[in-house]
Amino acid sequence: MLRKQIMKDVEEIFRDVFDDESVILTDETTAKDIEDWDSFMHIRLITAMEEYFHIKFRLKEITGLQNVGETINLIKRKMENI
């Protein structure tokens, strides 16, 4: 799967989880950029991405993520290893 498509899919996941069609993601997007992105919403995002892409994240993988771009790169790596 192409990185660009993963970003588009993740953006739709964010819109669904936050119930906000105006969410636009960039590689640099962080929790500071989205008002309701707290620890509870982060868990919902991770779960939604795991379900959508049929992957599983390990705790140490997700605790080090700094922004959406790093999340996209992790998803891409996991998709290539399926």
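E12 and R15 sit 3 residues apart in helix 1, which puts them about one turn of the helix from each other. Their side chains meet in a salt bridge, with 3.0 Å from N to O, and that small pairing is a handy way into this predicted model. Zooming out, the protein has 4 helices and 0 strands, and its elements run α-α-α-α from the N terminus on. Here's a quick tour, starting with the whole and then moving to the parts.

**Overall build**

- The C-alpha trace spans about 35 × 25 × 20 Å along its principal axes.
- A compact globule of 82 residues would have a radius of gyration near 12 Å, and the protein agrees because its own value is 12 Å.
- Of those 82 residues, 39% count as buried.
- Take the contacts between residues at least 6 apart in sequence: 53% of them join residues at least 24 apart.

**The nonpolar core**

- The largest nonpolar core is made of 23 residues, and V10, F14 and M49 have the most contacts inside it.
- Helix 1, helix 2 and helix 4 each put in at least two residues of this core.
- Helix 1 gives the most, with 7 residues.
- M49 makes a good landmark if you want to find the core on screen: leaving aside neighbours within four places in sequence, M49 is in contact with V10, I13, H54, I55, F57, T71 and I75.

**Helix 2, end to end**

- Helix 2 covers residues 39–53, and at 1.5 Å a residue its 15 residues should span 21 Å; the C-alpha atoms at its ends are indeed 21 Å apart.
- At the N-terminal end, D38 acts as a cap, with a side-chain oxygen 3.2 Å from the backbone nitrogen of F40.
- Just past the other end, H54 takes a positive phi of about 55°.
- Which residues of helix 2 are buried? They are M41, L45, I46, M49, E50 and F53.
- What covers them includes helix 1 (3–18), helix 3 (59–63) and helix 4 (68–80).

**E61, a buried acidic residue**

- E61 is found in helix 3, and it counts as buried because its relative accessibility is 17%, under the 20% cut-off.
- A polar atom of the E61 side chain lies 2.7 Å from the backbone nitrogen of R58.
- Not counting residues up to four places away in sequence, E61 touches K56, L74 and K78.

**Salt bridges**

- How many salt bridges turn up in a search of the whole structure? There are 7.
- One of them joins R3 and D27, whose closest N and O atoms are 3.0 Å apart.
- R3 lies in helix 1 and D27 in the loop between helix 1 and helix 2, so this pair ties together parts that are 24 residues apart in sequence.
- Both partners are partly exposed: R3 has a relative accessible area of 25%, and D27 has 27%.
- Back to the opening pair in helix 1: E12 counts as partly exposed at 40% relative accessibility, whereas R15 is buried, with a relative accessible area of 15%.
- That pair has company, as E11, E12 and R15 are linked in a network of salt bridges.
- In helix 4, E80 forms a salt bridge with K76, and the closest N and O atoms are 2.5 Å apart.
- E80 and K76 are separated by about one helical turn because they are 4 residues apart in helix 4.
- Why does a spacing like that suit a pairing along one helix? An α-helix has 3.6 residues a turn, so residues three or four places apart point the same way.
- Is E80 buried or exposed? E80 counts as exposed, at 52% relative accessibility, while K76 is partly exposed, with a relative accessible area of 23%.

Key: Residues numbered from 1 in each chain as written. Predicted model: local features only at pLDDT ≥ 70, side-chain atom pairs only at ≥ 80, totals over all residues. Heavy atoms only, no water. Expected span 1.5 Å × (residues − 1). Buried < 20%, exposed > 50% of the residue type's maximum accessible area, 1.4 Å probe, protein only. Contact = heavy atoms within 4.5 Å. Polar contact = N/O pair within 3.5 Å; in protein donor to acceptor, adjacent residues only side chain to side chain. Core = buried A, V, L, I, M, F, W, Y, C linked by side-chain atoms within 4.5 Å. Salt bridge = Lys/Arg side-chain N within 4 Å of Asp/Glu carboxyl O. Rg over C-alpha atoms; globule rule 2.2 N^0.38 Å.
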